[in-house]
Structure formats: C-alpha cells, structure tokens
Amino acid sequence: MPKPHWSPPSVRRNGTAFITLLLLGVGSAWGTAPSGDGSTPGQGPYVPLPTDPGLGLGEVVQRATERFPEGNQPQARQSQAQALKSRSSAFLPANPAIGVTHYNDTLLTGNGNREWEAGMEIPIWRPGQREARGEYARRTSALANATQGSIRLRAAGAVRSRLWALGLQRNRVALARRELKTAKALAEKVRRRMELGDLARTDLLLARERVLEKETVLEEQQGRLRVLRADYRRVSGLDRVPETWRESPVDEPPFPAEHPTLARAEQEVARLRAKVRWAGKEATANPSLTLGARRERAADGTAINGVVAAVHIPIGLSTQREAKQAPVRMELARAQSRLDRLRREVTGTREEARQGIVTARRTLRQARKRERLARHNLKLARKAFDAGEYDLIDLIKVQDKFAAARRDRARRELELHRAIARFNQAAGVIPWPRSAQS
C-alpha cells in the first residue's frame, strides 16, 4: 500500500507567519535600533545567541553597566567633589577685588581739590568655613563612589532577569520540540496500524491534528525567544551569552552596611548633613582686608600720598543663616525618609527572596515525584495501546499529562536557580570580573 502523504493546511502556515510578524513588530516597538543595540552589523536582533564558554556573568554585568542610562552620574558627581575640594584647599575663600576711587570738587566748590584711591579687597576665611567645605567635598566624593556601586547592582539585576528569562524560554522551546517529535512519532505509529487495519482513519486524523498543534506551540515559543534575545542584546550590548550563569547563594550577605543601594542612600544623607553645615558657613559674606594707596592734591597744589588699610567684617545673623539652610534641611529630611524606606524594602525583599529559595526547593521535589509517576503511567499506557487495550484518545491524555509533568519539573529546576539569583540580587551581591575589581 502506498504511503499516504499529507501536508499542513495553508491556514496553519498563514497563522504561524502572522504570529512571527506580530512578535517581530512587538520587538520593533521596544525601540531596537539596528546599529545601536549592540548586534553585529549585518545580523538582526532576533538571530540566535551563541554560547561563549569564556564569557562570565561578571563580564556581562560590566558591559551592561557601561551602557546603563545613568552611568555618567558618578563621574559628574566626582567632578563636583573635586571642584569643592579645590575650593576648600584654596588660599582665599573667594575671589579678590580691585577698587579705584576718584573724588574732585569741580561741579560744586570748584577749588581744584583732587583725590585718588586704589586698593585690593582680599577675602578672609571665616572660622570653620574651610573645614565645612572640605567635609562637603569628601561626602560628595563618597556619594559618587556609592552611586557607582548602586548602578552596578541595578545593571546586575537587569542582566540577571534577562538571562533567566532567556534560560526559561530556551527550556520551553526545547520541550516544545521534544513534544513535537513525540507527536510525530505517535502519528507515524498510528499510520502504520491504520494501514494494517488495526486503527480507524479518524485516529490518524486525530494524530495529525495533534502534530499541527505542537508545531504551532513551537512556533509561538520560538517567536517569544527571538524577542527575548533582542532584549538581552539591548541591555548587554553582546551577541553571545555565558555558558552558564547559575550562582550559589551567599553565606553571609553583606547586609545592611555594604548593600550598594543602602550605602548610596546613607552617603546621600551624610552629604546633605555636611551641606547643611556648609550652607550655614556660606550664609554670611567673608571678612575682607583692603590694602591700597591714596593720593590727594589740594587746591594750592599740595599733594598728600598715603597707604589705605581697611578691614570689613560682615555680621552674620541667624535669620540669614537659617534661610540658607532651610532648603537643604528639606532635602535632608527627604533623603532620610528615603533611607528608612529603603531599609524596610531591602529587608523585606531579602527575606522574600530567601523564602523563595525554600519554596522552590520544596516544589521541585514534588515536581520530580509527579514526573516519575507520570512517566510510569505513560509506560503502561503505551504498552496497553500497542496491545490494543487502550484507545488513542486515552493514550494522548496520558502523554499530555506526562509532558505537563516534565515541563513543570524542568521549569522548577530553572526557577530554583533563578530564586538563588534573586536572593543574591536582594542581598546586594554584584557579579564582577576579577580582573576589573579594584
């Protein structure tokens, strides 16, 4: 008997093409630029990502940090700190001034009296002003360093989420391929038994319909994987992924003193406290010393030359000082509130992540047990089907049940490692290449 030939309906092909175009359109809507997403010229953002055994998670985080939108903030803050440090170590607290004064009585008495006076006004440091500026500069520099750590942690979180999304989706694609292969094998077996007259033609149609369903599922999963590849390229700027990015949970998380997010918030509070003191010292003008020369010429031609020395001491009033400090105190209050809120959030996130690991381990054990039972049941069902004691519908149901159990076990294995990565992220652990550690 000639082997029957059949092909998928055109409806399925059109539907698959539509899904692919839709997913590609979603990716374009995220703003992927052909030349600015880090992909190799000539390659699209949806092509496969090769695995690089020499690439580590730390290198990916480092590249993502370099592309982070706020990556230039630490440098700008450090430049500000350097400028403040230069001012605090300067010889004068402000710019000196040169003054020239001329008097004559031409428009009034008209006796011919003339007077010239020229001098330089030199500002003088107020007590504690230099120390206040220096402390403000040091705190600003410390904030710049803490900001760098905070940005690295945020970049690490972005990389971790992208990589684990990729890992889970790759697993879904692999399982979809495996289920398609199983469905095709079953359809072939049904075809042979139909040719022997053991099964009806409706069973063959049912088996082929199942193959089409699995092909559609595979195409949808592959489309989703292409979108995630583009997202990874956009964040990391890389066209390859590490061979593995699994992490081990940290034994003693650097919490809370060394947590980058809290360290930045604490440094911001310290900087604003220093700024309050600095603003108080800067509220009053600096004392100044004026040195110069004076020349007078009387109406009878007599000239008098002299030296001028004057001291100018502004009186600082508390009302003026408080007016200068009030806006900074408002900033300080907001920063302190933000720090308190972050402490609660970080503590809660870390405990939630720790509980996530415990839950993931328990559910994985349960999923493995379910898979073993489903595998055993499937083995019995296949034997019964081959012996003609089981119909096709029942076999498909058992097969689907096993496939669901296998998908669930594989997903929970990956989710356990993702839970560990989330815990490390919540604990403030930053993967970073050893060669770049300072």
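How far apart do the end C-alpha atoms of residues 332–370 lie, and how much of the span is helix and how much strand? In this predicted model, the two end C-alpha atoms are separated by 56 Å, and the span is 100% helix and 0% strand. The UniProt entry, which is unreviewed, annotates residues 332–370 as a "coiled-coil region".

The protein as a whole contains eight helices and six strands. Their order along the sequence is α-β-α-α-β-β-α-α-β-α-β-β-α-α. Of the 438 residues in the protein, 39% are buried.

Side chains of opposite charge can pair when their charged atoms come close. In the present model, the count of salt bridges comes to 39. One of them joins the side chains of R133 and E282, with a distance of 2.6 Å from N to O. R133 belongs to helix α4 (residues 129–195) and E282 to helix α6 (residues 260–282), so this salt bridge ties together parts that are 149 residues apart in sequence. The two partners can be described by their accessibility. R133 has a relative accessible area of 3% and is therefore buried, whereas E282, at 23%, counts as partly exposed.

Helix α4 also holds salt bridges between residues of its own. E135 pairs with R139, and the closest N and O atoms of this pair are 3.0 Å apart. Because E135 and R139 are four residues apart in helix α4, about one helical turn separates them. E135 is partly exposed, its relative accessible area being 25%. R139 is likewise partly exposed, with a value of 30%.

A further pair in helix α4 is formed by R191 and E195. The salt bridge between R191 and E195 brings their closest N and O atoms to 2.2 Å, and the two residues are again four positions apart, about one turn of the helix. R191 is buried, at a relative accessible area of 9%, which is under the 20% limit for a buried residue. E195, by contrast, is partly exposed at 25%. Elsewhere, salt bridges with shared partners link R370, D408, R411, R412, E415 and R418 into one network.

The surface was also examined for patches of charged and of nonpolar residues. A patch of positive charge is formed on the surface by R361, R362, R365, K369 and R372. Within this group, R372 is located in helix α7 (residues 318–386). R372 has a relative accessible area of 54% and is thus exposed, the threshold for that class being over 50%.

A nonpolar patch on the surface consists of I98, V100 and M120 and has an area of about 330 Å². Of these residues, M120 is part of strand β3, which runs over residues 114–123. M120 is partly exposed, with a relative accessible area of 35%. This value satisfies the requirement for patch members, namely over 30% relative accessible area.

Note on methods
Residues are numbered from 1 along each chain as its sequence is written. This is a predicted model: local features need pLDDT of at least 70, side-chain atom pairs count only at pLDDT 80 or more; totals for chains, interfaces and linings use all residues. Side-chain values use heavy atoms; hydrogens and water are left out. Patches are made of residues with over 30% relative accessible area and no salt bridge: like charges are joined within 9 Å, nonpolar side chains (Val, Leu, Ile, Met, Phe, Trp, Tyr) within 5 Å. Accessible areas come from the Shrake-Rupley method with a 1.4 Å probe; for residues, only the protein chains shown count as cover. A salt bridge is a side-chain nitrogen of Lys or Arg within 4 Å of a carboxyl oxygen of Asp or Glu. Buried means under 20% relative accessible area, exposed over 50%, partly exposed in between (1.4 Å probe, protein chains only). UniProt positions are given in the numbering used here, feature names are shortened, and annotations may be inferred rather than shown by experiment. Lys and Arg count as positive and Asp and Glu as negative; His and the chain ends are not counted. The place of a charge is taken as NZ of Lys, CZ of Arg, CG of Asp or CD of Glu.
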